[in-house]
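Colleague: Please give me a close look at how the aromatic rings are arranged and at the spaces beside them. I would like the cut-off behind each term as you go.

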Protein chains: 2
Amino acid sequence: MSIPANTRISERAQAAGPAVEPDADEIDFELIELLFFAYRDFVGDPDLILAEYGFGRAHHRVLHFVNRRPGLTIAELLDILRITKQSLNRVLKELIETDFVEQRAGRTDRRQRLLFPTDKGRELAMSLARMQHRRIDRAIAGAGATGRDVARRFLTAMVGPADGGNETP
Amino acid sequence: MSIPANTRISERAQAAGPAVEPDADEIDFELIELLFFAYRDFVGDPDLILAEYGFGRAHHRVLHFVNRRPGLTIAELLDILRITKQSLNRVLKELIETDFVEQRAGRTDRRQRLLFPTDKGRELAMSLARMQHRRIDRAIAGAGATGRDVARRFLTAMVGPADGGNETP
DNA sequence: TGGGATAAGTCAACATAGCTGACTTAACTC
DNA sequence: GAGTTAAGTCAGCTATGTTGACTTATCCCA
């Protein structure tokens, strides 16, 4: 039985201990570069539509999460996007002024501003999501029977705290 | 036998014809958002190291591809990154001045500037690649036996020309 | 061999989207 | 009533992308 590519490092780790520094030929350059190209094309699709409204990718991200989590607060949105209040405010203001997003004061805490998509906002968000869905759907069709589940688990595990970067502990 | 999640749309397509508009509950919001979070954390790892040199993500991308394809030309690099000559020149100039990248005139065509990493540049590129490799390696370990291969096929299929966006053909 | 095409570099000006720091307003909590 | 918190705002800076116009060196071909 041959050793699958994804166990190379683990094999070496067992032999050499936990502090393994992969050599050039052991680094997964292929996946590193695929992530770059895949993401570039994935976010590039909606750009043409966004440009029609004078919006950019920052507007897209805000509109997307407001549409997906209607009623979320500014603080929650800041936490998801990991940008500053000032950066968010610039694009959010435009989305509100152009009637894609609306705010309502919180019922229990009236300091909070709950964010909701308008009908117009929902339509735009959905049309952008459909574009991205089409690309994902096509990609999954070519990834095998359990493709979606494996891709989901892989990407889920990619999310997490900073690497730390302990090259030689 | 149950229908796998990734065939939902195809099933509907067979019933309704090729022009299928997925409803809100059929759009793969989970993968759309996972790609956003995964990529955010994936490119976020190297940022701390890059900041020590006064570099940003643009420098990282240039250094990465110069290291991976030593001897590539300016035109080839522009084609990979899909940015303008002026944008590239700004960061490339800094990488050359700080001795991370060097240029040599092409042998057959002396108009070309072939790009090579210096020893210093190779070291930095490799150390950043190792950070990203660690995250990928961990993610693949949690994605099942054929995880890497499926992830590779999925991401490969994600790369490609613009979507076109024919919502109602 | 001379003229057009090509690879690269440069100058200027601008847009987007991130950042820090300092401050205000309104509402909540104790 | 005092301190805390959620949000909004002003000012200014940085990084990285864009267009457009132009130069220089070199290549290639008629």
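**Rings and spaces around the axis**

Modeller: B:Ala151 is the residue of chain B whose C-alpha comes closest to the rotation axis, at 2.8 Å. A turn of 180 degrees with a shift of 0.0 Å along that axis lays chain B on chain A with an RMSD of 0.0 Å, which is the relation of a two-fold axis; the copies are superposed by least squares on the C-alpha atoms of residues with pLDDT of at least 70 in both. The model is a predicted one, in which local features need pLDDT of at least 70 and side-chain atom pairs count only at pLDDT 80 or more, while totals for chains, interfaces and linings use all residues. Residues are numbered from 1 along each chain as its sequence is written, chains are lettered from A and ligands numbered from 1 in the order in which they are written, and side-chain values use heavy atoms, with hydrogens and water left out.

Over all chains there are 15 aromatic pairs, a pair being two rings of Phe, Tyr or Trp (its six-membered ring) with centres within 6.5 Å, called stacked if the planes are under 30 degrees apart, edge-to-face if over 60 and tilted for the rest. One of these is the tilted pair of A:Phe36 and B:Phe65, with 5.6 Å from centre to centre and 55 degrees between the planes. This pair joins two chains, because A:Phe36 belongs to helix α2 (residues 29-44) of chain A and B:Phe65 to helix α4 (residues 57-68) of chain B; helices here are DSSP runs of H or I with at least four residues, numbered from the N terminus. Both A:Phe36 and B:Phe65 are buried, that is, under 20% relative accessible area with a 1.4 Å probe and protein chains only, where exposed means over 50% and partly exposed lies in between.

The rings of B:Tyr39 and B:Phe42 are 6.1 Å apart at their centres with planes at 45 degrees, so this pair is tilted. B:Tyr39 and B:Phe42 are both found in helix α2 of chain B, 3 residues apart, or about one turn of the helix, and both are buried. Ring pairs also link A:Tyr39, A:Phe42, B:Tyr39 and B:Phe42 into a cluster.

Several of these rings also line the largest cavity, with A:Phe36, B:Tyr39, B:Phe42 and B:Phe65 among its lining residues. On a 1 Å grid over the protein atoms alone, a cavity is a set of points where a 1.4 Å probe fits but cannot get out, a pocket is an open set with protein on both sides within 12 Å along at least five of seven lines, and lining residues have an atom within 4 Å of a point. The volume of the largest cavity is about 170 Å³, and α4(B) gives the largest share of its lining, 5 residues. That lining divides into 6 nonpolar, 3 polar and 3 charged residues, where Ala, Val, Leu, Ile, Met, Phe, Trp, Tyr, Cys and Pro count as nonpolar, Asp, Glu, Lys and Arg as charged, and the others, Gly among them, as polar.

The largest pocket holds about 1,100 Å³ of space, a volume being the space filled by probe spheres set on grid points joined across faces, edges and corners. Of its 44 lining residues, A:Tyr39, A:Val43, A:Arg57, A:Arg61 and B:Tyr39 are the closest to the pocket centre. By class, the pocket lining has 24 nonpolar, 7 polar and 13 charged residues.
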